[in-house]
Amino acid sequence: MPSVMTAQYGDKRRMAETGGRVLAGNAVERLPSGGVNGVPTERVADAARGLRAWLARHRQLLLDVAAVAIAAFDVWFWFAPDAKVYNYALSVVAVAALVFRRRFPFLVVLLTVPGFLAGMAQLAAMIALGTLARRKLLSTQTYVAAGLVWFSRFFLWPPEEFLALDWKTHVHDAIYGCIVAGMPIAIGLLAHAREQLSARIAELAESRERERMLHAHAVRADERARLAREMHDVVSHQVSLIAMQAGALRMAAADPNAQQVAGTIRMLSTRTLDELRQLVSVLRTTSGDDSPQPRIEDLPQLLASSGLPAALTVLGEVDDLPAPISGAVYRTVQEALTNVRKHAGGAATAVRIDADADELHVEIRNDPPLAPHECATLPSGGHGLVGLRERAALLDGTFEAGPCDDGGFRVAVTFPLTRKID
């Protein structure tokens, strides 16, 4: 089936085209150059967007210039050789007053009425009346201004010429005056209604976007809760088996060291299950009542149950720390001890917490492993230190981690403090 371009211009014309789109049946075919008159389409689109943006930024200024220009052209068009000087003066004042029509709409109408009544500034008075109607709607000022504009069109200056007209002309002028005064008001009210409608449409679009985002967040939260529950089911099953095996090993082992290790494994497994259940309960709750989170006060118990030769030193007052900072310190120490068990073979570890009036310093330093080649390789996702850095950043803190000169490893974090004043 021949294309539209082929049917209209022939095959040679179609092949001679250098850009744009060609309709071929139901398909849309883009020609190689993708340009308009030799100019790339991307540049044309960018120029069009730039022009629209410039017009949007200077819209009011352009409208004011256009209003003054139209009113000035109206005065020039009705130029009368026999007009008096005051006729031109009042007309010029009416045109110049349009510059202030947005700020003083009623005053501008009063300034344009003499130029309409005794001059040639009819469009200036109509533009000023339309601006007043858009700003004030059907207020008292609008009615007064409409009456003045109507009278300026109905009454003919000088008065002797008005009195010389017959009654039919007066009726005609009265009707035409209603049109001259009513049309700007109608246009002003229409512009105001359009502006309000545009604002309502913009609010509706924003509300729809917020609703879409809230729906996406709700779906994401449901998916995370589902994944957390599945993780809880899988991990709890495996850790429960570890705890059961550790309990059986503790009962069957004759070596006291083996019994102690088995007891430590069972205790850590039980604590892991408890913390996992707390996290899942936080994800499931909808009332905002979160479960209690660990604090600095729980660090001695954490170190005692870690199975590591760890020492804790606390300097300063840490009882009145904010809950997020206290919980972050606990999680930092917990992750550091986990890394020591994974990568340092249970080396000696020192935990130091120093709190002053403005900052809280936490440092976890471990010695080099006694037998690095004997350290068991445990599964690791590599996200522990990254998570600690992100947690510190959320609390406006700083995080440092790296090896020491003696072969050990150091983790340090600093949190700014804002203590409660009773």
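**Close-up views of a predicted model**

**View 1. Membrane-annotated spans.** Over residues 174-191 of this predicted model, the chain is 100% helix and 0% strand, with its end C-alpha atoms 26 Å apart. According to the unreviewed UniProt entry, this span is annotated as "transmembrane region", as are residues 61-79 and 107-129. For residues 107-129, the end C-alpha atoms lie 10 Å apart, and the span is 83% helix and 0% strand.

**View 2. A nonpolar patch on the surface.** The side chains of V93, V99, F100, F104, L107, L110 and L111 make up a nonpolar surface patch, which together offers about 610 Å² of accessible area. Helix α6 (residues 105-117) contributes the largest share of this patch, 3 residues. V99 belongs to the loop between α5 (85-97) and α6, and V99 counts as exposed because its relative accessible area is 51%, where the cut-off for exposed is over 50%.

**View 3. Helix α8 and its buried residues.** Helix α8 covers the 15 residues 140-154, which at 1.5 Å a residue should span 21 Å, and the end C-alpha atoms are indeed 21 Å apart, in agreement with that expectation. Along α8, the buried residues are T142, A145, A146, V149, S152 and F154.

**View 4. The salt bridge between R153 and D173.** The side chains of R153 and D173 meet in a salt bridge at 3.7 Å, N to O. This pair links distant parts of the chain, with R153 in helix α8 and D173 in helix α10, 20 residues apart. R153 is partly exposed at 21% relative accessibility, whereas D173, with a relative accessible area of 9%, is buried.

**View 5. The salt bridge between E195 and R134.** Among the 9 salt bridges of the structure is one in which the side chains of E195 and R134 come together at 3.2 Å, N to O. Because E195 lies in helix α10 (residues 167-252) and R134 in helix α7 (residues 122-136), the pair ties together parts that are 61 residues apart in sequence. Both partners are partly exposed, E195 at 42% relative accessibility and R134 at 26%.

**View 6. A salt-bridge network that includes two strands.** The side chains of R410 and E363 form a salt bridge at 2.7 Å, N to O. R410 lies in strand β9 (residues 409-416) and E363 in strand β7 (residues 359-366), so that this pair ties together parts 47 residues apart in sequence. R410 is partly exposed, with a relative accessible area of 25%, and E363 is partly exposed as well, at 22%. Through salt bridges that share partners, E363, R365, E400 and R410 are joined into one network.

Notes: Residues numbered from 1 in each chain as written. Predicted model: local features only at pLDDT ≥ 70, side-chain atom pairs only at ≥ 80, totals over all residues. Heavy atoms only, no water. Helix = DSSP H or I, 4+ residues; strand = E, 2+ residues; numbered from the N terminus. Expected span 1.5 Å × (residues − 1). Buried < 20%, exposed > 50% of the residue type's maximum accessible area, 1.4 Å probe, protein only. UniProt positions renumbered as here; feature names shortened; annotations may be inferred. Patch = residues over 30% accessible without salt bridge, like charges linked within 9 Å, V, L, I, M, F, W, Y side chains within 5 Å. Areas by Shrake-Rupley, 256 points an atom, 1.4 Å probe, with all protein chains shown as cover. Salt bridge = Lys/Arg side-chain N within 4 Å of Asp/Glu carboxyl O.
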